[in-house]
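Biologist: I would like to learn how to read the features of a structure like this one. Please take me through them one at a time.

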Amino acid sequence: MAVVECVVEETIGVTEAAQIPQQRGEQLLDNAVRYAEERHWDVFPGTWLEAVEGMERCSCGDTACPAPGAHPARPDWANQATGSAVAARRMWSKHPRASILLPTGRTFDAVDVPESAGFLALARLERMDLPLGPVTCTPDRRMLFFVLPGAAVKIPDMIRTLGWTPSAIDLIARGEGHYVAAPPTRIGGHGAVQWARRPTPANRWLPDADELISPLAYACGREAAAERARRG
């Protein structure tokens with residue numbers, strides 16, 4: 001079985017995970033400000049990781065936290081999110097280790113797929129010379145493709161038209177009411193979110209989900225079938 005490696009482009013301003021907390025905080029602040037200032041993305045600070053008895057724990061205090069250091073720190077996070085670089089700088093100055101979270105359903109939606117299917121689809125999309133926006137790669141082996149807002153509403157029907165159901169092929173559309181973690185946010189002790197395709201002037205204009213969904217669904221369907229065969 002082929003092994004898929006997460007080969008990612010270098011994230012601007014990101015250093016190694018082993019850096020001291022002050023440096024990591026500075027990089028988080030810098031990136032949060034740049035996302036708001038350069039991409040006009042809304043941002044808000046989430047939880048962060050704390051060293052407790054030699055282990056990294058989420059600042060929320062839950063020892064069984066499913067997303068340690070990478071989820072909202074307060075229930076009104078949607079109202080807290082801001083597209084102001086000045087406000088972002090102020091928030092991360094208060095909490096320099098806070099994760100960078102981006103609400104979906106505003107300036108972009110995200111198509112969340114397994115990493116193996118994501119790289120398969122990414123290679124196919126590049127061969128087809130189709131437009132691509134930024135793409136993240138997460139430590140829990142997921143890839144998120146940024147697309148125009150509104151995608152989450154129509155993607156389920158689009159997938160059914162192609163002959164699959166979203167849950168059967170593990171394809172998740174994240175829109176209004178959801179959020180994604182942005183680089184260089186670290187999730188637990190597993191590593192940091194990275195860019196598979198980082199934001200550049202060339203991908204400032206995001207693709208519509210219609211342009212990507214067929215290759216993404218095909219890749220997810222293929223991976224789901226392979227997984228069923230392995231289990232069977």
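Biologist: Is Arg-142 buried or exposed?

Modeller: This is a predicted model, and in it Arg-142 has a relative accessible area of 14%. The cut-off for buried is under 20%, so Arg-142 counts as buried.

Biologist: With which residue does Arg-142 form a salt bridge?

Modeller: The general idea is that side chains of opposite charge can pair when their charged atoms come close. Here the partner is Asp-170, and the closest N and O atoms of the pair are 2.7 Å apart. Arg-142 belongs to strand β7 (residues 142-147), while Asp-170 sits in the loop between α5 (151-161) and β8 (172-174), so the salt bridge ties together parts that are 28 residues apart in sequence. Asp-170 itself is partly exposed, at 33% relative accessibility.

Biologist: What is the phi of Asp-170?

Modeller: As a rule, most residues other than glycine have a negative phi, and most peptide bonds are trans. Asp-170 is not a glycine, yet its phi is positive, about 60°. Arg-141 is another such case, with a positive phi of about 65°. Arg-141 lies in the loop between β6 (135-137) and β7 and is partly exposed, with a relative accessible area of 48%.

Biologist: Which peptide bond is cis?

Modeller: The bond from Pro-183 to Pro-184 is cis, and its omega is near 5°. Pro-184 is found in the loop between β9 and β10 (194-197).

Biologist: How many salt bridges does a search of the whole structure find?

Modeller: The search finds 15. One of them joins the side chains of Arg-34 and Asp-30, at 4.0 Å from N to O. Both residues lie in helix α1 (residues 21-38), 4 residues apart, which is about one turn of the helix. Arg-34 is partly exposed at 25% relative accessible area, and Asp-30 is partly exposed at 30%.

Biologist: Where do Glu-227 and Arg-231 lie?

Modeller: Both are in helix α6 (residues 209-231), again 4 residues apart, about one turn of the helix. Their side chains meet in a salt bridge of 2.9 Å, N to O. Glu-227 is partly exposed at 29% relative accessibility, whereas Arg-231 is exposed at 70%. Elsewhere, salt bridges that share partners join Asp-112, Arg-142, Asp-170 and Arg-174 into one network.

Biologist: Which residues touch the most other members of the largest nonpolar core?

Modeller: That core has 26 residues, and those with the most contacts to other members are Val-111, Val-113, Met-143, Phe-145, Ile-155, Leu-171 and Leu-216. At least two residues of the core come from each of β5 (109-114), α4 (115-127), β7, α5 and α6. The most come from α6, which gives 7 residues. Apart from this core lies another, of 24 residues, among them Val-33, Val-43, Val-180 and Trp-195.

Biologist: What does Val-113 touch?

Modeller: Leaving aside residues up to four places away in sequence, Val-113 touches Gly-118, Arg-142, Met-143, Phe-145, Asp-170, Leu-171, Leu-216 and Cys-220. Both partners of the salt bridge between Arg-142 and Asp-170 are thus on the contact list of Val-113. Cys-220 is buried, with a relative accessible area of 2%.

Biologist: How many disulfides does the structure hold?

Modeller: It holds 0 disulfides. For Cys-65, the nearest cysteine sulfur is that of Cys-58, 3.9 Å away. A disulfide needs sulfur atoms within 2.5 Å, so Cys-65 is in no disulfide. Cys-65 is buried, at 12% relative accessibility.

Biologist: What is the bridge partner of Leu-49 in β3?

Modeller: Strands of a sheet pair through backbone hydrogen bonds, either parallel or antiparallel. The partner of Leu-49 is Cys-58. Strand β2 (residues 49-52) and strand β3 (residues 55-58) run antiparallel and are joined by 4 bridges. Their hairpin has 2 residues between the strands, and in it Glu-53 takes a positive phi near 50°.

Biologist: What is the order of the open sheet of 3 strands?

Modeller: The order is β1-β4-β9, with antiparallel pairing. β1 (44-45) and β9 (179-181) each have a single partner strand, so one side of each is left without a neighbour in the sheet. Between β1 and strand β4 (residues 100-103) there are 2 bridges, and Phe-44 has Leu-101 as its bridge partner in β4.

Conventions. Residues are numbered from 1 along each chain as its sequence is written. This is a predicted model: local features need pLDDT of at least 70, side-chain atom pairs count only at pLDDT 80 or more; totals for chains, interfaces and linings use all residues. Side-chain values use heavy atoms; hydrogens and water are left out. Two strands pair if DSSP finds at least two bridges between them. Buried means under 20% relative accessible area, exposed over 50%, partly exposed in between (1.4 Å probe, protein chains only). A nonpolar core is a set of buried Ala, Val, Leu, Ile, Met, Phe, Trp, Tyr and Cys residues joined through side-chain atoms within 4.5 Å. Contact means heavy atoms within 4.5 Å.
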